[in-house]
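Welcome to a short tour you can follow in your own viewer. Keep the structure open, and select each stop as you reach it.

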Amino acid sequence: LLTLLLTTSLLAQDRARVELPTTRGRVTIEADRLAKESAELWVAEGSVVIQLEDTTIKSSKAAYNPLTEGAILEGRVELIEGTQWLKGDRAELTLKDDTGVLYDVEGFTDQDLFVKARRLVKTGPSTYVASDGFITACDEAIPKWSFKLKRANIRLGATARVKHTLFRINQVPLFYLPYVVIPTEK
């Protein structure tokens, strides 16, 4: 047991960590490798975890600019913020105003609304614009119902406004709707 505790302690110490001030508090970046490339750039690689307030961002590689408070994340990116959790292939985020873009993303924007999109723009703490994907409240691998979308404006706890959509049951298109408003609250 003592050997296990010592090994775990040594492994935890091998991870690099830095805390930096932001306009919203302190951001913590932890990774297997972390380097300050210049005054404007920190580069983190290997199991990167960025923490700010109730937001946790994970990826395999990240570049963070403390002057702009912007982060570019690559690899499998995971964003967890309150009840929101999103996973994508790449993200460009601005921490100071809680905005950014996630690419090839899927996840829950809140407890009930699942979104899958080629591009998801986070326009604020509780607003998104989804492009080329679908939304649903089902959590099955093949949703019982969904709205295929080219573009949707999503406000958490309010509505998702979708233009030019196909309503689908089990991925079978049933009918076209030029505009639909979907509640995003319970």
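**First stop: a charged pair between strands**

Select D89, which counts as partly exposed because its relative accessibility is 40%. Before going further, please keep in mind that this is a predicted model.

Now look for the partner of D89. The side chains of D89 and R76 form a salt bridge, with N and O 3.4 Å apart. D89 sits in strand 7, residues 84-94, while R76 sits in strand 6, residues 70-81, so this pair ties together parts that are 13 residues apart in sequence. Click on R76 as well: with a relative accessibility of 46%, R76 is also classed as partly exposed. Here is the general idea behind such a pair: side chains of opposite charge can pair when their charged atoms come close.

**Second stop: a buried pair**

Next, select E81 and K122. Their side chains meet in a salt bridge too, at 3.5 Å from N to O. E81 belongs to strand 6 and K122 to strand 9, residues 114-124, so the link joins parts that are 41 residues apart in sequence.

Are these two residues buried or exposed? E81 has a relative accessibility of 8%, so E81 counts as buried. K122 is buried as well, with a relative accessible area of 3%. The cut-off behind both labels is a relative accessible area under 20%.

**Third stop: a network of charges**

Try selecting several residues together: R15, R17, E19, R26, E30 and D32. They are linked in a network of salt bridges. How many salt bridges does a search of the whole structure find? The search gives 16.

**Fourth stop: K144 and its surroundings**

Move on to K144, in the loop between strand 10 and strand 11, the latter covering residues 145-155. K144 is exposed, with a relative accessible area of 51%. That label applies because the cut-off for exposed is over 50%.

K144 forms a salt bridge with E140, and the closest N and O atoms are 3.8 Å apart. Select E140 to compare: E140 counts as partly exposed, at 35% relative accessibility.

What does K144 touch, leaving out residues up to four places away in sequence? The list is C138, R168, I169 and N170. For a distance exercise, draw a line from the C-alpha of K144 to the C-alpha of R119: the two residues are 25 residues apart in sequence and 23 Å apart in space.

**Fifth stop: a nonpolar patch**

You have just met I169 among the contacts of K144. Now select I169 together with V172, L174 and F175. These residues make a nonpolar surface patch of about 350 Å². Which element gives the largest share of the patch? Strand 13, residues 172-183, does so with three residues.

Zoom in on F175, whose place is in strand 13. F175 is partly exposed, with a relative accessible area of 41%.

**Sixth stop: two positive phi angles**

Time to look at the backbone. As a rule, most residues other than glycine have a negative phi. With that in mind, select E53, where phi is near 50 degrees, a positive value. You will find E53 in the loop between strand 4 (41-52) and strand 5 (55-65).

Then select D132, where phi is near 55 degrees, again a positive value in a residue other than glycine. D132 is found in strand 10, residues 127-136. The side of D132 open to solvent can be put in a number too: D132 is partly exposed, with a relative accessible area of 36%.

**Last stop: zoom out**

Finally, show the whole protein chain as a cartoon. How many helices and strands are there? The chain has one helix and 13 strands. Going from the N terminus, the helix is followed by the strands.

Turn the model around and picture a box about its C-alpha atoms: along the principal axes, the box is roughly 60 × 45 × 25 Å. Switch to a surface view, and you are looking at an accessible surface of about 10100 Å², with 56% belonging to carbon and sulfur atoms. Of the 186 residues in the chain, 41% are buried.

If you colour by charge, there are 25 positive and 25 negative charges, and their mean positions are 6 Å apart.

Terms used: Residues numbered from 1 in each chain as written. Predicted model: local features only at pLDDT ≥ 70, side-chain atom pairs only at ≥ 80, totals over all residues. Heavy atoms only, no water. Patch = residues over 30% accessible without salt bridge, like charges linked within 9 Å, V, L, I, M, F, W, Y side chains within 5 Å. Areas by Shrake-Rupley, 256 points an atom, 1.4 Å probe, with all protein chains shown as cover. Salt bridge = Lys/Arg side-chain N within 4 Å of Asp/Glu carboxyl O. Helix = DSSP H or I, 4+ residues; strand = E, 2+ residues; numbered from the N terminus. Buried < 20%, exposed > 50% of the residue type's maximum accessible area, 1.4 Å probe, protein only. Lys, Arg positive; Asp, Glu negative; His and termini not counted. Charge placed at Lys NZ, Arg CZ, Asp CG, Glu CD. Contact = heavy atoms within 4.5 Å.
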